[in-house]
Amino acid sequence: MTPSAIELPVTAADRRIARLAALAIGLTLAEAAIPSPIPGVKPGLANIVILLVLLQYGWRAAAWVSSLRVLAGGLLLGSLFAPGFWLSASGALVSLAVLALAQHLPQRHFGPVSLSVLAAFGHIGGQLALAGWWLLPGAALLKLLPIFAAAALIFGAVNGVIVARLLARPAPSGRQSATCIPPSIP
Amino acid sequence: MLLRAGDVGVLLAGGGLVIALSVLAWGGQRGDTAVIRAAGQVVKTTALTHAHAFSVDGPLGTTRIEIEPGRARVAADPSPRQLCVKQGWLTQSGQAALCLPNQVSLEIHGRTAAYDTLGY
């Protein structure tokens, strides 16, 4: 009997998505270390990566990077399938849905800042909708809504400006990261 | 260019949303109890927790009160000008609907009263 080997073809796009997802996961982990007065109020740094991917490689790639970030972030933070994971997942899902619509806004008038703010509102909206419906049904969340919305507005705008600045920079001539060719196994 | 015209619009709309939510969430003390008086006497005190309705009799006829989670209203009243019915739903602590001809009043109370006393 010969051992059967399953070989999965890996395209350059796959490698790119993996690399960008790793970047987003890194930012998620770094952000988890930042203390926050209210759970849920976070800068959302990984959204910078998601937005860059959306604007450069399209919505499908952004959806892949976002899903991988949520899944691997949950694995690494030990919250996989815990309530926090589902909140993160629903926020990412609504945010992606908002971006799917918002990317068709005329680019002449709506730049990365618009996309970022809308995505941030989608993110917190998705999280709060799930929290209000599943985790904390009742009026308790209502009092915190303005804080969450203000955080989404501020962090969304800041992230959007960062994305706009990164995109406005002239493309670097050299590679920024090493190629993803695995070392040959002897 | 960092900010385009639409971006400013989105930011302003977001700011408006934040302000609207602040007013909605913190604008006033939401009531949690309805106190119904007929001819000056408290006839019923009920929590604004679940939907129900009941009737109070006055000199002109029957006043119908409706309670829903977080709000209450006078649904029907025999008074000629229907002022208390037109007030609609009451949500904030301290709000009151007075059906003077029928001597029935509906008042919302919260955990902390917004006013010490109200004179009409």
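Q: In this predicted model, what is the bridge partner of B:Ile67 in S5(B)?
A: The partner of B:Ile67 is B:Ala72 of S5(B).

Q: How do you know that strand S4 (residues 62-68) of chain B and S5(B) pair, and in which sense?
A: Two strands pair if DSSP finds at least two bridges between them. S4 and S5 of chain B are joined over five bridges, in the antiparallel sense. Because five bridges meet the requirement of at least two, the two strands count as paired.

Q: What makes strand S3 (52-57) and strand S5 (71-76) of chain B stand at the edges?
A: The open sheet has three strands in the order S3-S4-S5 (chain B), with antiparallel pairing. S3 and S5 each have a single partner strand, so one side of each lacks a neighbour in the sheet. Direction ignored, neighbouring strands of this sheet are turned by 25° against each other on average.

Q: Which strands are the edge strands of the open sheet with the order S2-S1-S7-S6 (chain B)?
A: This sheet has four strands and antiparallel pairing. Its edge strands are S2 (41-47) and S6 (96-99) of chain B, each of which pairs on one side only. The average turn between neighbouring strands here is 15°, direction ignored.

Q: How do you know that strand S1 (residues 33-38) and strand S7 (residues 104-109) of chain B pair?
A: The two strands are linked over six bridges in the antiparallel sense. As at least two bridges are required, they count as paired. Within S7(B), B:Ser105 stands opposite B:Arg37.

Q: Why are H2(A) and H5(A) called oblique to each other?
A: The axes of helix H2 (residues 46-57) and helix H5 (residues 112-135) of chain A cross at roughly 125° and come within 11 Å. Angles of 65 to 115 degrees count as roughly perpendicular and those over 145 as roughly antiparallel. The crossing angle of roughly 125° falls in neither range, nor under 35 degrees, and the helices are therefore oblique. Their crossing is right-handed.

Q: Which residues make the contact, and what is its make-up by class?
A: H2(A) contributes A:Asn47, A:Leu51 and A:Leu55, while H5(A) contributes A:Pro112, A:Leu115, A:Ser116, A:Ala119 and A:Ala120. By class, six residues are nonpolar, two are polar and none is charged.

Q: How many helices and strands does chain A have?
A: Chain A has six helices and zero strands, and its elements run α-α-α-α-α-α from the N terminus on. Of its 186 residues, 35% are buried.

How values were computed
Residues numbered from 1 in each chain as written. Chains lettered and ligands numbered in written order. Predicted model: local features only at pLDDT ≥ 70, side-chain atom pairs only at ≥ 80, totals over all residues. Axes fitted to C-alpha atoms, helices over the stretch in contact; angles between N-to-C directions. Left-handed = near helix turned anticlockwise from the far one by under 90°. Contact = placed C-beta atoms within 7 Å. Nonpolar A, V, L, I, M, F, W, Y, C, P; charged D, E, K, R; others polar. Buried ≥ 20, exposed ≤ 12 C-beta atoms within 10 Å, placed from the backbone.
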